[in-house]
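Me: I am new to this structure and would like a close look at a single part of it, set in its surroundings. Please begin with the whole, then settle on one part and follow its neighbours in turn.

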Amino acid sequence: VTTGATKLYVDMSNAPTRPGYDNNNPCFYSDVTADNQGNIYVLESISGAVYKVSQTGNIQLFAYSQDWY
C-alpha cells in the first residue's frame, strides 16, 4: 500500500478457535505477514495459532501446535 489507505478491516474476534484452546482465554495477535496472492497471516501468540485472512476478509485457522506453551 503506497497511499497508507486501509484496504481491509478484519475483526479477529470472529476467528475460529484452535482445537484444545478455550475461546474465553485472552488473545494476543503479535505478527502479521502477507503472501504474493494478497492473503495475510496472523500469529496469535498465546495459543500458537496462525490464521489466514483472504482478500475478502475470510478468516481460517491455518496452522497450530498442541505443544505451544
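**A close look at strand E3**

Reply: The secondary structure of this protein comes to 0 helices and 4 strands, and read along the sequence it follows the pattern β-β-β-β. The model is a predicted one, which should be kept in mind throughout. Its C-alpha trace spans about 40 × 20 × 20 Å along the principal axes. Of the 69 residues in the protein, 23% are buried, and the protein exposes about 5,000 Å², of which carbon and sulfur atoms supply 49%. Among contacts between residues at least 6 apart in sequence, 30% join residues at least 24 apart.

The 4 strands form an open sheet in the order E1-E2-E3-E4, with antiparallel pairing. E1 and E4 are the edge strands, each pairing on one side only. Neighbouring strands of this sheet are turned against each other by 30 degrees on average, direction ignored. In that order E3 stands between E2 and E4, and E3 is the part to follow here.

Strand E3 covers residues 49–53, and its side chains alternate: Ala49, Tyr51 and Val53 point to one face and are buried, whereas Val50 and Lys52 point to the other face and are not buried. This agrees with a general pattern, since in a regular strand the side chains alternate between the two faces of the sheet.

On one side, E3 pairs with strand E2 (residues 40–44) in the antiparallel sense, over 5 bridges. Within this pairing, isoleucine 40 stands opposite valine 53 of E3, and valine 53 is among the residues on the buried face described above. E2 and E3 together make a hairpin with 4 residues between them, and in its turn glycine 48 has a positive phi of about 80 degrees.

On the other side, E3 pairs with strand E4 (residues 59–63), again in the antiparallel sense, here over 4 bridges. The bridge partner of valine 50 in E4 is alanine 63, and valine 50 is one of the E3 residues whose side chain points to the face that is not buried. E3 and E4 also form a hairpin, with 5 residues between them, and glycine 57 in that turn has a positive phi of about 95 degrees.

The loop between E3 and E4 contains serine 54. Serine 54 counts as buried because its relative accessibility is 18%, below the 20% under which a residue is called buried. The side chain of serine 54 makes a polar contact of 2.9 Å with the side chain of threonine 56. Leaving aside residues up to four places away in sequence, serine 54 touches Leu8 and Asn39.

Back in the strand itself, Tyr51 deserves a longer look. Tyrosine 51 is buried, with a relative accessible area of 4%. The structure holds 2 aromatic pairs. In one of them, tyrosine 51 and tyrosine 29 meet edge-to-face, at 6.4 Å centre to centre and with 65 degrees between the planes. That pair links distant parts of the chain, for tyrosine 29 lies in strand E1 and tyrosine 51 in strand E3, 22 residues apart. The other pair is formed by tyrosine 41 and phenylalanine 62, also edge-to-face, at 5.0 Å centre to centre and with 65 degrees between the planes. Tyrosine 41 lies in strand E2 and phenylalanine 62 in strand E4, so this pair ties together parts 21 residues apart in sequence. Tyrosine 41 counts as buried at 14% relative accessibility, while phenylalanine 62, at 48%, counts as partly exposed.

It remains to follow the partner of Tyr51. Tyrosine 29 lies in strand E1, which covers residues 29–34, and at 32% relative accessibility tyrosine 29 counts as partly exposed. Not counting residues up to four places away in sequence, tyrosine 29 touches Met12, Ala15, Val42, Leu43, Glu44 and Tyr51. With methionine 12 there is further detail: the backbone oxygen of methionine 12 lies 3.4 Å from a polar atom of the tyrosine 29 side chain. The C-alpha atoms of these two residues, tyrosine 29 and methionine 12, are separated by 8.8 Å, although the residues are 17 apart along the chain.

Taken together, the picture of E3 is of a strand with antiparallel pairing to E2 and to E4, with Ala49, Tyr51 and Val53 buried on one face, and with Tyr51 joined to tyrosine 29 in an edge-to-face aromatic pair.

Technical notes:
Residues are numbered from 1 along each chain as its sequence is written. This is a predicted model: local features need pLDDT of at least 70, side-chain atom pairs count only at pLDDT 80 or more; totals for chains, interfaces and linings use all residues. Side-chain values use heavy atoms; hydrogens and water are left out. Helices (H or I, at least four residues) and strands (E, at least two) are DSSP runs, numbered from the N terminus. Buried means under 20% relative accessible area, exposed over 50%, partly exposed in between (1.4 Å probe, protein chains only). Contact means heavy atoms within 4.5 Å. A polar contact is a pair of N or O atoms within 3.5 Å; within protein, one must be able to donate a hydrogen and the other to accept it, and residues adjacent in sequence count only if both atoms are side-chain atoms. Two strands pair if DSSP finds at least two bridges between them. Accessible areas come from the Shrake-Rupley method with a 1.4 Å probe; for residues, only the protein chains shown count as cover. Rings of Phe, Tyr and Trp (its six-membered ring) pair if their centres lie within 6.5 Å; planes under 30 degrees apart count as stacked, over 60 as edge-to-face and the rest as tilted. Axes are lines fitted to C-alpha atoms, for helices over the stretch in contact, and angles run from 0 to 180 degrees between N-to-C directions.
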